[in-house]
Amino acid sequence: MIPLRLPCSPRPRAFFSAKSFALAGVASAALFIAPAPLTAAWPKFAKKPAKIAEPPRAVAPPAPPEFADAYPSARRPLPPDLLLTRDTEKKADALSSFADAVVAEDNAEADKALASYRKTLDADPGYVELAIKVAFELSKRNDVAGGIETLKDAIKAEPKDARPLIYLAQLYARNLKKPEPALRYAEQALALAPDNFASYLAVFELYMGTEQLKKAEQLLDRASKVKSSDAQFWLQLGDLQTRLYLKEDGTSQPADLEKMNAIYRKAAALGKEDAAALTRVGDYFVLSRQVKEAIPMYLAALPLQQSQTEPPTANLREKLARALIATDQRDNAIVLLEQLTKDNPNRFETFELLGELYEQKGDIDKAIANYEHSLQLDASEPRNYLRLTEMLLRAKRYERAVQTMRNARARFSDRPEITFSYALTLSQAKKHTEAMTAFAEALAEAQQSHDEMLTAQFYFQYGAAAEQAGLLQKAEELINRSIELDPANAAQAYNYMGYMWADRGEKLDEAAALLKKALDMDPDNAAFVDSLGWLYFKKGDYQLALKELLRAAEAIKPEDAVVFDHVGDTYAALGKTGEALTYWQKAFALDQTDKKIAAKIESAKQKVTSTGAALPQ
């Protein structure tokens with residue numbers, strides 16, 4: 001190797017050819033984190049070097065290779081291929097600037113990186129990806145004029161590339177609020193790239209922004225005639241159509257629906273091996289109220305699904321289950337979700353949905369089991385406690401219901417609505433003293449920070465609990481407060497207070513007036529009819545009572561043990577023990593915890609047997 005010499009003449013500007021500099025630059029770039037997506041590639045004139053072949057072996061030693069002299073002199077001038085022309089020198093400077101920018105960006109030196117990128121563009125203004133990045137960075141720094149100039153230089157250098165035109169349109173529209181030139185540039189981009197969806201999107205956004213809906217529609221019709229085999233093109237086009245044609249409630253004009261369906265079905269055909277594409281088509285059919293059409297799309301996507309966490313295929317099975325539910329295929333949905341809980345037992349949403357399905361089927365035990373599992377996985381949502389508590393109360397598992405709400409109250413101590421629900425639960429569990437304490441605490445909490453909670457319904461529920469606790473005067477005060485707050489919807493309150501006095505045989509005239517008000521507001525309410533019949537019973541008018549009570553028993557849904565018990569008592573008062581026994585047995589079948597009804601049945605059986613009459617079947 002030729003030894004280094006002391007300089008004998010001024011150092012040249014560059015010592016390497018563009019090719020050798022590019023080789024060094026590409027090699028060093030591998031050490032840096034890749035820049036932003038638009039600058040992932042080096043400038044286009046930095047060609048990737050060919051692989052250097054290993055020299056062949058020879059008997060005689062090869063001639064020493066020729067190296068660039070670090071300090072050339074008149075005695076040893078540079079070889080011709082190492083001399084830089086004006087063009088190659090400019091490219092070498094550009095590459096040097098680009099490398100500096102990459103390093104600066106990696107070191108979070110944004111201003112320095114931008115300055116170096118701009119020097120790169122001075123040498124190569126047609127480096128479109130970089131021009132777009134620089135224009136974007138300049139617009140962020142409120143130098144929109146600089147960004148526009150950068151993009152216009154890129155357009156001059158690459159007049160057949162639509163991308164700088166698209167971004168130029170965005171700068172005019174968003175930053176300068178000038179839709180006319182923005183639309184002009186976007187339409188130029190579309191003319192250059194009629195099969196590029198980004199061009200259609202740019203023009204569409206401008207038409208929509210200037211409320212040129214007819215032109216937007218014509219644009220989409222034009223796009224629908226593009227011969228593209230890319231499923232993503234049609235999915236994106238379908239998304240634009242839904243923005244134009246689909247209303248918030250999922251409805252659209254029949255002709256528009258047909259257009260959208262055609263586009264999405266084309267996307268499904270082209271993306272038949274793509275789970276994400278099929279899922280998006282299914283989502284469209286759900287959104288447009290064509291749920292039945294979504295099911296085959298979801299079914300086709302399931303075996304293709306690669307990940308259960310990435311959109312849009314995340315929750316694919318739940319989507320399919322909900323589609324099955326919407327089309328009255330609940331049993332199929334349950335089978336699907338049960339399998340899903342085995343495959344992925346940590347998704348609380350799946351257990352919630354299963355709980356809802358079992359609740360709808362009337363399978364309270366399975367509903368409770370799934371709601372409990374959901375609550376174990378996600379205890380951060382108050383609704384999960386409330387839903388489980390409601391099921392436990394329906395199953396008459398009062399202690400567990402109270403404990404569930406006690407846990408909820410401990411967790412959400414700052415939420416008075418939870419205290420209110422806790423009070424309701426205690427009342428239904430017949431823990432009346434605790435219930436009244438909890439109601440008073442809920443009232444105090446709401447008055448401090450959530451007075452919007454103190455509605456007519458709040459006072460009605462509080463009054464009903466007071467009545468159950470035997471605090472009749474307080475109950476009357478609270479229910480009257482409920483009526484004052486919402487007299488137009490006070491039928492339930494009138495009925496409750498009327499029945500409260502009638503059942504005790506007190507204030508019967510006042511009770512009759514209250515029940516009349518309730519029935520005037522809701523004449524077909526079976527519960528109100530039962531209250532009126534019971535009032536007649538208490539007044540001793542058994543025939544009129546029986547007429548109203550039988551009407552209530554026939555109409556009330558679901559069947560109610562209290563109503564059947566009232567009918568039985570009325571038949572007994574009329575001396576018709578057999579008929580009374582029949583209704584008491586119906587009542588007991590609905591509520592086998594009521595010892596009073598059980599005693600009536602036993603007494604009636606003995607009476608019927610003593611007379612020799614046959615017991616009712």
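**Figure 1. Tyrosine 462 and its ring partner in helix 22.** At 3% relative accessibility, tyrosine 462 is a buried residue in this predicted model. Phenylalanine 458 is buried as well, with a relative accessible area of 1%. Both belong to helix 22 (residues 456-468), where being four residues apart puts about one helical turn between them. How do the two rings sit relative to each other, stacked or edge-to-face? Their centres are 6.2 Å apart and their planes stand at 75 degrees, so phenylalanine 458 and tyrosine 462 form an edge-to-face pair; the cut-off for that label is over 60 degrees. Widen the view a little and an aromatic cluster appears, made up of Phe420, Phe439, Phe458, Tyr459 and Tyr462.

**Figure 2. Two tyrosines pair up between helix 11 and helix 12.** Counting such ring pairs across the model gives 19 aromatic pairs. In the one shown here, the ring centres of tyrosine 264 and tyrosine 284 lie 4.0 Å apart with their planes at 10 degrees, so this pair is stacked. The label applies to planes under 30 degrees apart. Tyrosine 264 comes from helix 11 (residues 254-270) and tyrosine 284 from helix 12 (residues 275-287), so the pair links distant parts of the chain, 20 residues apart. Are these tyrosines buried or exposed? Tyrosine 264 is buried, with a relative accessible area of 2%, and tyrosine 284 also counts as buried, at 3%.

**Figure 3. Helix 8 meets helix 9.** Here the axes of helix 8 (residues 197-209) and helix 9 (residues 213-223) come within 8 Å and cross at roughly 160 degrees. That angle makes helix 8 roughly antiparallel to helix 9, because the cut-off for this class is over 145 degrees. The crossing of the two is left-handed. Which residues of helix 8 should you look for at the contact? They are Tyr200, Val203, Phe204, Tyr207 and Met208, and they meet Leu213, Lys215, Ala216, Leu219, Leu220, Arg222 and Ala223 of helix 9. Sorted by class, this contact holds ten nonpolar and two charged residues, with no polar ones.

**Figure 4. Helix 3 crosses helix 4.** The axes of helix 3 (residues 110-123) and helix 4 (residues 128-140) come within 10 Å, crossing at roughly 140 degrees. Helix 3 is therefore oblique to helix 4. Helix 3 passes helix 4 in a left-handed crossing. On the helix 3 side, the contact involves Leu114, Tyr117, Arg118, Thr120 and Leu121. Helix 4 contributes Leu130, Ala131, Lys133, Val134, Glu137 and Leu138. By class, the contact of helix 3 with helix 4 has seven nonpolar residues, one polar and three charged.

**Figure 5. Histidine 566 and its surroundings.** Histidine 566 is found in helix 28 (residues 561-573). With a relative accessible area of 4%, histidine 566 is buried. What touches histidine 566 once its neighbours within four places in sequence are left aside? The contacts are Tyr499, Asp530, Trp534 and Leu549.

**Figure 6. Stepping back to the whole protein.** The predicted model has 30 helices and zero strands. Of the 617 residues in the protein, 43% are buried. Among contacts with a separation of 6 or more, 51% are between residues 24 or more positions apart.

Key:
Residues numbered from 1 in each chain as written. Predicted model: local features only at pLDDT ≥ 70, side-chain atom pairs only at ≥ 80, totals over all residues. Heavy atoms only, no water. Axes fitted to C-alpha atoms, helices over the stretch in contact; angles between N-to-C directions. Parallel < 35°, antiparallel > 145°, perpendicular 65-115°, else oblique. Left-handed = near helix turned anticlockwise from the far one by under 90°. Contact = heavy atoms within 4.5 Å. Nonpolar A, V, L, I, M, F, W, Y, C, P; charged D, E, K, R; others polar. Phe/Tyr/Trp six-rings, centres within 6.5 Å; stacked < 30°, edge-to-face > 60°. Buried < 20%, exposed > 50% of the residue type's maximum accessible area, 1.4 Å probe, protein only.
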